[in-house]
Amino acid sequence: MALKSTVFKADLQVSDMDRHYYQSHALTIAQHPSETDDRMMVRVLAFALNADEALVFGKGISSDDEPDLWRKELTGEVDLWIEIGQPDEQRIRRAAGRAKRVIVYSYSGRSAEVWWKKTAAAVARTKNVSVIDIAPATVEALAALTQRTMQIQFMVQDGQAQVISGDAIVPIELTTLA
């Protein structure tokens with residue numbers, strides 16, 4: 001018998017002063033049985049960093065033809081394709097061919113460094129792919145916030161981001177690799 005996804009609810013309030021975007025989002029997040037809290041919270045962070053009314057979660061880990069998050073235009077054309085983790089070169093090239101812009105958020109510390117050394121040359125050949133690494137301490141702190149029902153505030157000002165949930169304040173450490 002197949003295990004079912006665990007459903008999480010998040011009330012995400014985004015105050016992005018750099019993009020002049022201020023909005024609340026009621027998110028329903030399905031966590032695949034093989035998905036860690038780290039990865040799920042990185043998906044929530046990626047949503048917050050790119051928040052938009054048209055941004056939606058994809059089918060998740062079990063889908064090869066959809067990203068973790070994406071934003072489509074009214075014509076059906078993919079405007080933004082977001083991958084979480086360490087996608088292989090073929091998946092990155094396919095995403096770059098299907099979307100105007102692709103962002104990969106890597107987050108696994110040392111294994112992300114090894115992945116990047118192997119993948120950097122392929123990413124350099126694409127014009128529309130960005131790779132952003134999330135510091136392990138940030139991922140660990142975000143995973144500690146995981147609850148079935150979450151109240152999360154995400155704030156950005158002058159390029160500095162932080163997540164606030166309850167009494168916890170998590171500064172977001174990002175490194176742009178490409």
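**Note on the predicted model: two sheets, their helices and their cores**

1. A polar contact of 3.4 Å joins the side chains of Glu53 and Gln23, and since this is a predicted model, that distance is a computed one. Glu53 lies in the loop between helix 1 and strand 3 (55–57), and, leaving out residues up to four places away in sequence, Glu53 touches Tyr21, Gln23 and His25. Glu53 and His25 are 28 residues apart in sequence, yet their C-alpha atoms are 8.4 Å apart in space. Is Glu53 buried or exposed? With a relative accessible area of 57%, Glu53 counts as exposed, because the cut-off for that class is over 50%.

2. One open sheet has five strands in the order 2-1-8-9-10, and its pairing is mixed. Strand 2 (21–31) and strand 10 (168–172) form the edges, each pairing on one side only, while the twist from one strand to the next averages 20°. Within this sheet, strand 1 (residues 6–16) and strand 8 (residues 149–157) pair in the parallel sense over eight bridges, and Lys9 stands opposite Thr149 in strand 8.

3. Helix 1 (residues 37–49) packs on this five-stranded sheet, where it touches strand 1, strand 2, strand 8 and strand 10, and its direction makes about 155° with that of strand 2. Helix 4 (residues 136–143) lies across strand 9 (160–165) and strand 10, and runs at about 150° to strand 10.

4. Helix 4 deserves a separate point. Its buried residues include Thr138, Val139, Leu142 and Ala143; seen down the helix axis, the buried residues fall within an arc of 130°, so they line one face of helix 4. On the other side of the helix, Ala137 and Glu140 are exposed. What covers the buried residues of helix 4? The cover includes helix 1, strand 7 (129–134), strand 9 and strand 10.

5. Thr138, which is found in helix 4, has a relative accessibility of 1% and therefore counts as buried, the cut-off being under 20%. The side chain of Thr138 reaches the backbone oxygen of Pro171 at 3.5 Å. Apart from neighbours within four places in sequence, Thr138 is in contact with Val170, Pro171, Ile172 and Glu173.

6. The other open sheet to consider is formed by six strands in the order 3-4-5-6-7-11, again with mixed pairing. Its edge strands are strand 3 and strand 11 (174–176), each of which pairs on one side only, and neighbouring strands are turned by 20° against each other on average, direction ignored.

7. The pairings inside the six-stranded sheet can be followed from strand 4 to strand 7. Strand 4 (residues 69–72) and strand 5 (residues 78–84) run antiparallel and are joined by four bridges, with Trp81 in strand 5 as the bridge partner of Trp70. These two strands form a hairpin with five residues between them, and Gly76 in the turn has a positive phi of about 95°. Strand 5 pairs with strand 6 (residues 99–106) in the parallel sense over six bridges, where Ile103 in strand 6 is the bridge partner of Ile82. Strand 6 and strand 7 also run parallel, joined by five bridges, and Ile132 in strand 7 is the bridge partner of Tyr105. How many of the seven residues of strand 5 are buried? Seven of the seven are buried, and strand 5 is described as mostly covered.

8. Two helices meet strands of this sheet. Helix 2 (residues 89–98) lies across strand 4, strand 5, strand 6 and strand 7, running at about 145° to strand 6, whereas helix 3 (residues 110–124) touches strand 6 and strand 7, its direction making about 170° with that of strand 7.

9. In soluble globular proteins, nonpolar side chains tend to be buried together. Here the largest nonpolar core has 39 residues, and those with the most contacts inside it are Ile29, Ile82, Tyr105 and Phe154. Which element gives the largest share of this core? Helix 1 does, with nine residues. Apart from this core lies another, of 14 residues, among them Val78, Ala96, Val102 and Val123.

10. The surroundings of Tyr105 may be worth inspecting in the structure: not counting residues up to four places away in sequence, Tyr105 touches Val42, Ala46, Leu49, Asn50, Ile82, Glu83, Ile84, Gly85, Ile132 and Ile134.

Technical notes. Residues are numbered from 1 along each chain as its sequence is written. This is a predicted model: local features need pLDDT of at least 70, side-chain atom pairs count only at pLDDT 80 or more; totals for chains, interfaces and linings use all residues. Side-chain values use heavy atoms; hydrogens and water are left out. Two strands pair if DSSP finds at least two bridges between them. Axes are lines fitted to C-alpha atoms, for helices over the stretch in contact, and angles run from 0 to 180 degrees between N-to-C directions. Contact means heavy atoms within 4.5 Å. Buried means under 20% relative accessible area, exposed over 50%, partly exposed in between (1.4 Å probe, protein chains only). A polar contact is a pair of N or O atoms within 3.5 Å; within protein, one must be able to donate a hydrogen and the other to accept it, and residues adjacent in sequence count only if both atoms are side-chain atoms. A nonpolar core is a set of buried Ala, Val, Leu, Ile, Met, Phe, Trp, Tyr and Cys residues joined through side-chain atoms within 4.5 Å. The arc is that of the directions from the helix axis to the C-beta atoms.
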